[in-house]
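Trainee: Please take a close look at how the interior of this model is put together. I would like to see which residues pack against each other.

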Amino acid sequence: MLDRLGRDINYMRISITDRCNLRCRYCMPVEGVSLKEHREILSFEEIETLVRVSTELGIRKIRLTGGEPLIRRNLPDLVHSISRLEAIDDLAITTNGILFPALAAELKAAGLNRVNLSLDTLKNDRYQYITRGGDVSVVIKAMETALAEGLHPVKVNTVLIKGFNDDEILDFCRLAYNLPLHIRFIEFMPVGEVKYWNQDRIIKNSKVYETIGRHFSLKPGRISRGNGPAKYFEMEGGQGSVGFISPMSNHFCGECNRLRLTADGKLRACLYDGKERDLKEALRGKEPEESLKQIFMETILAKPERHAMGDKAWGARNRKMYQIGG
Ligand code: SAM
Ligand code: SF4
């Protein structure tokens with residue numbers, strides 16, 4: 001379905017939990033995380049119903065995220081129930097990868113098409129620091145497993161933070177040079193734990209591009225499956241690619257094709273816009289599917305033209321990334 005600006009809204013990101021097995025410093029505090037109770041979180045059956053209704057309005061691509069989606073018990077059942085819907089032509093997951101090696105084969109068999117793994121550093125001491133306790137070797141294993149399972153294109157999300165990992169840009173490029181991985185450098189955004197965020201820690205992707213260009217010959221590339229705002233470049237002679245996601249320096253709202261469903265059943269047209277509609281209430285109120293459709297339609301039509309992240313009060317006002325779904 002087209003929104004009022006003519007954008008074709010065909011992609012929905014679904015947060016299936018607000019819980020996580022890591023505590024990345026820029027995303028979640030160690031304590032004081034107000035988690036939703038079980039009954040407040042959508043069940044798998046409810047998610048399946050909402051996906052089915054959304055397909056009637058043109059949604060064709062689904063991404064499961066969180067919090068950490070792999071901690072949700074029996075996840076392959078949900079993957080199976082979504083992947084068998086005929087209208088869905090792409091089903092992906094964004095994960096920190098910690099539980100991925102053990103679950104990959106089952107997820108693939110259930111119909112998962114591909115995976116994005118989040119990894120900000122290749123050094124274990126830094127990984128332990130930023131995630132507050134994770135083991136980087138498990139995420140490396142997750143990348144290898146994703147490649148071995150053929151979950152292509154395997155993408156890696158790397159948030160660059162000045163003074164933390166900006167000296168690893170070329171190490172990530174070498175990884176994408178040697179393996180068919182697509183490393184996406186993401187500009188650090190004032191979402192999540194905004195106390196950790198600081199304007200001075202943002203590294204503009206134009207700078208990253210310059211740095212890489214001094215060592216690799218880059219040419220614009222494309223990825224077979226991709227729904228997002230990343231701009232990709234191939235490295236001459238390399239197997240994978242590097243991508244840039246630049247919400248801070250170059251907003252991509254004009255091309256945004258997505259909706260977001262939170263773990264507690266709220267529908268949003270924009271990560272950065274506080275307006276939400278309650279689909280869970282409509283579902284549990286036994287309202288006819290028409291009313292769900294109506295909510296989807298109204299949300300699409302009310303999709304803002306662009307985000308308001310430049311607004312100073314925004315970070316504190318908005319819900320956290322692990323609550324909305326990153
Ligand atoms: N737990 C899963 C994971 O880490 O991949 C899925 C949810 S996580 C919120 C999704 C993505 O959002 C991760 O790649 C994470 O690095 C990114 N993210 C979280 N906070 C961010 C921020 N302040 N700026 C940029 N990206 C952020
Ligand atoms: Fe968890 Fe992902 Fe947030 Fe890290 S970025 S705390 S892994 S939800």
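Mentor: The cores come first, then the ligand, then one helix and some backbone details.

The model is predicted: local features need pLDDT of at least 70, side-chain atom pairs count only at pLDDT 80 or more, and totals for chains, interfaces and linings use all residues. Residues are numbered from 1 along each chain as its sequence is written, chains are lettered from A and ligands numbered from 1 in the order in which they are written, and side-chain values use heavy atoms, with hydrogens and water left out.

Start with the largest nonpolar core, which holds 73 residues. Such a core is a set of buried Ala, Val, Leu, Ile, Met, Phe, Trp, Tyr and Cys residues joined through side-chain atoms within 4.5 Å. Buried means under 20% relative accessible area, exposed over 50%, and partly exposed in between (1.4 Å probe, protein chains only). The residues with the most contacts inside this core are Met12, Ile62, Leu64, Phe185 and Ile212. A second core lies apart from the largest one. The second core has 20 residues, including Tyr26, Cys27, Ile186 and Ile245.

Go back to Met12. Residues up to four places away in sequence are set aside for its contacts, and contact means heavy atoms within 4.5 Å. Met12 then touches Leu50, Val51, Ser54, Ile59, Lys61, Ile62 and Arg63. Met12 also touches Leu259, Leu261, Leu267 and Phe296.

Ile62 is part of strand 2, which spans 61-65. Helices (H or I, at least four residues) and strands (E, at least two) are DSSP runs, numbered from the N terminus. Ile62 counts as buried because its relative accessible area is 2%. Ile62 touches Tyr11, Met12, Ile14, Val51, Ile82, Ile88, Asp90, Leu91 and Ala92, again not counting residues up to four places away in sequence. One of these partners, Ile88, is 26 residues from Ile62 in sequence. Their C-alpha atoms are 7.4 Å apart.

Gly97 links other parts of the chain. It sits in the loop between strand 3 (90-95) and helix 3 (100-110). Its relative accessibility is 0%, so Gly97 is buried. Neighbours within four places aside, Gly97 is in contact with Leu117, Val138 and Ala142. Ile140 is 43 residues away from Gly97 in sequence, yet 8.5 Å away in space, C-alpha to C-alpha.

Next, ligand 1. There are 17 residues around ligand 1; a residue is near a molecule if one of its heavy atoms lies within 4 Å of it. Tyr26, Gly67, Glu68, Ser118 and Met189 come nearest. A polar contact is a pair of N or O atoms within 3.5 Å; within protein, one must be able to donate a hydrogen and the other to accept it, and residues adjacent in sequence count only if both atoms are side-chain atoms. Tyr26 places a polar side-chain atom 2.9 Å from an oxygen atom of ligand 1. Thr95 has a polar backbone atom 3.3 Å from an oxygen atom of ligand 1. Asn157 has a polar side-chain atom 3.4 Å from an oxygen atom of ligand 1. Strand 3 and strand 5 are the elements that give two or more residues to the shell.

His182 belongs to strand 6 (residues 181-187). His182 is buried, because its relative accessible area is 14%. Its side chain makes a polar contact of 2.7 Å with the side chain of Ser241. Among its other contacts beyond four places in sequence are Pro153, Val154, Lys155, Val156 and Tyr232.

Pro153 brings us to the backbone. A cis peptide bond joins His152 and Pro153, with omega about -10 degrees. Pro153 is in the loop between helix 5 and strand 5 (154-160). Most residues other than glycine have a negative phi, and most peptide bonds are trans.

Finally, helix 4, residues 124-131. Its buried residues are Arg126, Tyr127, Ile130 and Thr131. These cover an arc of only 115 degrees around the axis, which puts them on the same side of helix 4. The arc is that of the directions from the helix axis to the C-beta atoms. Helix 5 (136-148) is included in what covers them. Arg132 follows helix 4, with a positive phi near 55 degrees. Arg132 lies in the loop between helix 4 and helix 5. At 31% relative accessibility, Arg132 is partly exposed. Asn74 also has a positive phi, near 60 degrees. Its place is the loop between strand 2 and helix 2 (75-83).
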